[in-house]
Amino acid sequence: MAKIFCVANQKGGVGKTTTTVNLAAGLAKVGQRVLMIDLDPQGNATMGSGVDKRKLELTIYDVLIESASVKEARVQSDKLIEAGCGYDILGANRELSGAEIELVTLERREKRLKQALTEVDADYDFILIDCPPSLSMLTLNGLCSAHGVIVPMQCEYFALEGLTDLVNTIKQVHANLNKDLSIIGLLRVMFDPRITLQQQVSEQLKAHFGGKVFNTVIPRNVRLAEAPSYGVPGVVFDPASKGAQAFVAFAQEMVERIDKL
Ligand code: ATP
Ligand code: MG
């Protein structure tokens with residue numbers, strides 16, 4: 001049975017997509033079967049996995065409005081397979097922004113993704129969902145499907161405050177829609193140990209959230225930022241880089257955490 005995780009933070013540009021594609025590649029590298037779902041109309045996770053969002057015939061949009069199944073809409077990327085980090089991709093493009101409005105009038109609107117994923121449950125060890133920077137109907141579909149949420153965050157001054165909305169939303173979804181849901185962990189990303197403030201916030205996070213803070217820390221690393229323009233995750237683009245190594249270590253930490261769940 002697949003373990004399903006949302007990568008979510010309503011704040012923009014905090015590293016959700018970078019985390020999703022690199023964790024997917026890292027998990028694939030250590031032998032896990034992975035499906036990566038792009039739930040963001042920006043389609044960055046799709047492009048960053050080597051799939052041209054403009055050329056996709058079927059996307060997550062078709063799955064949500066039930067005009068295609070996950071098995072019909074998932075695709076693969078040759079670049080990832082050649083690198084030994086192949087994972088399946090359920091892509092997104094601008095069409096998905098329409099789903100937000102269309103879903104409002106449909107029945108079971110927040111459980112559509114969950115329903116669709118039952119069909120492929122046995123095909124994967126991990127399903128990772130890249131959420132948009134909002135607490136929208138799309139994100140809600142992600143949260144209703146998932147066993148847990150991975151929250152990437154930068155160790156900045158407002159980091160803790162920004163978490164309150166997300167934590168409240170997750171509590172509400174847990175209470176009303178999805179009893180399985182919890183925060184699996186907070187992932188410190190774009191970390192620069194030379195900056196004292198980042199160290200302080202990191203310590204605050206550990207004091208506040210204890211074991212919910214992942215041991216692995218993702219450093220600020222330019223190779224991770226360069227990789228998307230080559231259509232691959234950093235783990236594939238430059239496996240020897242500090243950023244890539246951190247994400248492979250994070251993948252291993254996830255596998256270990258899952259075993260203990
Ligand atoms: P959005 O809210 O728009 O979906 P996001 O949360 O998905 O954004 P990303 O797109 O992953 O954030 O990252 C934002 C920017 O920061 C990107 O340009 C990305 O390449 C860069 N970035 C992410 N992580 C790192 C890192 N560890 N080191 C250096 N650059 C990074
Ligand atoms: Mg993103």
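In this predicted model, an oxygen atom of ligand 1 sits 2.9 Å from an N or O atom in the side chain of Lys16. The backbone takes part as well: a polar backbone atom of Gly13 is 2.9 Å from an oxygen atom of ligand 1. A further polar contact involves Gln42, where an N or O atom of the side chain lies 3.3 Å from an oxygen atom of the ligand. In total, 18 residues surround ligand 1, and those that come nearest are Gly13, Lys16, Thr17, Thr18 and Asn221.

Lys16 also leads to another part of the chain, since Lys16 is among the residues touched by Pro132. Pro132 belongs to the loop between strand S4 (126-130) and helix H8. With a relative accessibility of 6%, Pro132 falls under the 20% limit and therefore counts as buried. Besides Lys16, the residues that Pro132 touches, leaving aside those up to four places away in sequence, are Asn9, Leu39, Asp40, Pro41, Leu138 and Thr139. Pro132 and Thr20 are 112 residues apart along the chain, and their C-alpha atoms are separated by 12 Å.

Two of the partners of Pro132, Leu138 and Thr139, are buried residues of helix H8. This helix covers residues 137-145, and eight of its nine residues are buried, so H8 is largely enclosed by the rest of the structure. The buried set also includes Met137, Asn141, Gly142, Leu143, Cys144 and Ser145.

Helix H6 (residues 96-104) offers another pattern to look at, with Leu96, Ala99 and Leu103 buried. Viewed down the helix axis, these buried residues fall within an arc of 25°, so they line one face of H6. What covers them includes strand S2 (34-38), helix H3 (60-64), helix H7 (112-117) and H8.

How do the nonpolar residues group together? In soluble globular proteins, nonpolar side chains tend to be buried together. Here the largest nonpolar core has 47 residues, and Leu35, Ile37, Ile60, Leu117, Ile127 and Ile129 have the most contacts inside it. Helix H9 (residues 159-176) supplies the largest share of this core, five residues. Ile60 touches Ile37, Asp38, Leu39, Leu90, Gly91, Ala92, Leu96 and Leu113, not counting residues up to four places away in sequence. Another core, of 37 residues, lies apart from the largest one and has Met36, Leu56, Ile150 and Ala246 among its members.

The cysteines can be checked for disulfides, and the count comes to zero. For Cys6, the nearest cysteine sulfur is that of Cys131, 4.0 Å away. A disulfide needs the two sulfur atoms within 2.5 Å, so this pair does not qualify. Seen from the other side, Cys131 has the sulfur of Cys6 as its nearest cysteine sulfur and is likewise in no disulfide. Cys6 has 0% relative accessibility and so counts as buried, and Cys131, at 1%, counts as buried too.

Finally, is Glu253 buried or exposed? Glu253 is part of helix H13 (residues 242-260), and its relative accessibility of 8% means that it counts as buried. Its contacts, not counting residues up to four places away in sequence, are with Phe214, Asn215 and Thr216.

Key
Residues numbered from 1 in each chain as written. Chains lettered and ligands numbered in written order. Predicted model: local features only at pLDDT ≥ 70, side-chain atom pairs only at ≥ 80, totals over all residues. Heavy atoms only, no water. Core = buried A, V, L, I, M, F, W, Y, C linked by side-chain atoms within 4.5 Å. Buried < 20%, exposed > 50% of the residue type's maximum accessible area, 1.4 Å probe, protein only. Helix = DSSP H or I, 4+ residues; strand = E, 2+ residues; numbered from the N terminus. Contact = heavy atoms within 4.5 Å. Arc of directions from axis to C-beta. Near = heavy atom within 4 Å. Polar contact = N/O pair within 3.5 Å; in protein donor to acceptor, adjacent residues only side chain to side chain.
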